[in-house]
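Here are a few short exercises to work through with the structure open beside you. Try each task before reading its solution.

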Amino acid sequence: MGKKNKRVMAINLNDLGGKEEHLMAHKCLRDDGRYHIDWEYWANHIDKKQVWEQVKEYIKNKAPDILFIQEMLISEYESIDFIGELRQMGYSHVEESIPKEGNCSITVGFYKGKSPEYIPSPGDYRNNRSVVCKYGKMLLVGSHFPSESDEVFLGHMREFVEGNLGKDLLLIGDLNANNPSRGNKKTVNHLLEEGAVDLWTDAGNDAYTPTEAR
């Protein structure tokens, strides 16, 4: 009996803000001189129900076996139990991808069936940006590249991917790699030069055709 193919999907939820709202627009300067997210405002003044129902329907239709969600909302203020509702849809989550406490917008890994083996994020840096796990012989990396092209983060990602190019590895997610002058796109181009394959263009799609479903 042949092995069943696994469908892997990544989706950026934009913290359930829909097309108009973005979490980063709701931050304020505190006494410590740093900007902090107003999580309570985001929970109580941004209606997420309609967007969440659309997202769930989208996931049901695509039926991935492994799902990486970027900008996944984890907050004590929210009335919707996003993790619980995904569990009702048959998805378990990679427990190590969720902090034990605090409010955050992170990348979370979900799966159906057998639990994958969790691997710490490359460089142990900005861990909530990537979820790395091993599923059988395949390394799966669900990642959200920072829009500001964090060079330290990108360096760790380049080193990790390059070190595993001889293996079955899939890097998937929101790579924010649409600007050739920025570090994110340069990193992707570098990996392609080193032997990685862009599965989107390799399947005959145009490099400038968006893959997103808004």
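A residue counts as buried when its relative accessible area is under 20%, as exposed when that value is over 50%, and as partly exposed in between. Keep in mind that this is a predicted model.

**Exercise 1.** Find out which residue forms a salt bridge with K56, and decide whether each partner is buried or partly exposed.

*Solution.*
- Step 1: The partner of K56 is E53, with the closest N and O atoms 3.2 Å apart.
- Step 2: Both residues sit in helix α2, three residues apart, or about one turn of the helix.
- Step 3: The relative accessibility of K56 is 12%, so K56 counts as buried.
- Step 4: E53 reaches 44% and therefore counts as partly exposed.

**Exercise 2.** Locate the salt bridge between R126 and D150, and work out where each side chain lies in the chain.

*Solution.*
- Step 1: The two side chains meet at 2.8 Å, N to O.
- Step 2: R126 belongs to the loop between β7 and β8 (130-135), while D150 belongs to the loop between β9 (138-144) and α4 (151-163). The pair thus links distant parts of the chain, 24 residues apart.
- Step 3: R126, at 27% relative accessibility, is partly exposed, whereas D150, at 12%, is buried.
- Step 4: To round off the topic, salt bridges with shared partners join E53, K56 and E85 into one network.

**Exercise 3.** Explain what the salt bridge between K48 and E78 ties together.

*Solution.*
- Step 1: The side chains of K48 and E78 meet at 3.2 Å, N to O.
- Step 2: K48 is in the loop between α1 (39-45) and α2, and E78 is in the loop between β4 and α3 (82-88), so the pair ties together parts that are 30 residues apart in sequence.
- Step 3: K48 has a relative accessible area of 2% and is buried; E78, at 14%, is buried too.

**Exercise 4.** Describe the surroundings of P116.

*Solution.*
- Step 1: P116 lies in the loop between β6 (104-111) and β7 (117-119).
- Step 2: Its relative accessible area is 11%, so P116 is buried.
- Step 3: Setting aside neighbours within four places in sequence, P116 contacts V94, Y111, C133, K134 and Y135.

**Exercise 5.** Compare the settings of N14 and A63, each of which has a positive phi without being a glycine.

*Solution.*
- Step 1: Phi is about 55° for N14 and about 50° for A63.
- Step 2: N14 is in the loop between β1 (8-12) and β2 (27-29); A63 is in the loop between α2 (49-62) and β4 (66-74).
- Step 3: N14 is buried at 15% relative accessibility, but A63 is partly exposed at 39%.

Methods: Residues are numbered from 1 along each chain as its sequence is written. This is a predicted model: local features need pLDDT of at least 70, side-chain atom pairs count only at pLDDT 80 or more; totals for chains, interfaces and linings use all residues. Side-chain values use heavy atoms; hydrogens and water are left out. Helices (H or I, at least four residues) and strands (E, at least two) are DSSP runs, numbered from the N terminus. Buried means under 20% relative accessible area, exposed over 50%, partly exposed in between (1.4 Å probe, protein chains only). Contact means heavy atoms within 4.5 Å. A salt bridge is a side-chain nitrogen of Lys or Arg within 4 Å of a carboxyl oxygen of Asp or Glu.
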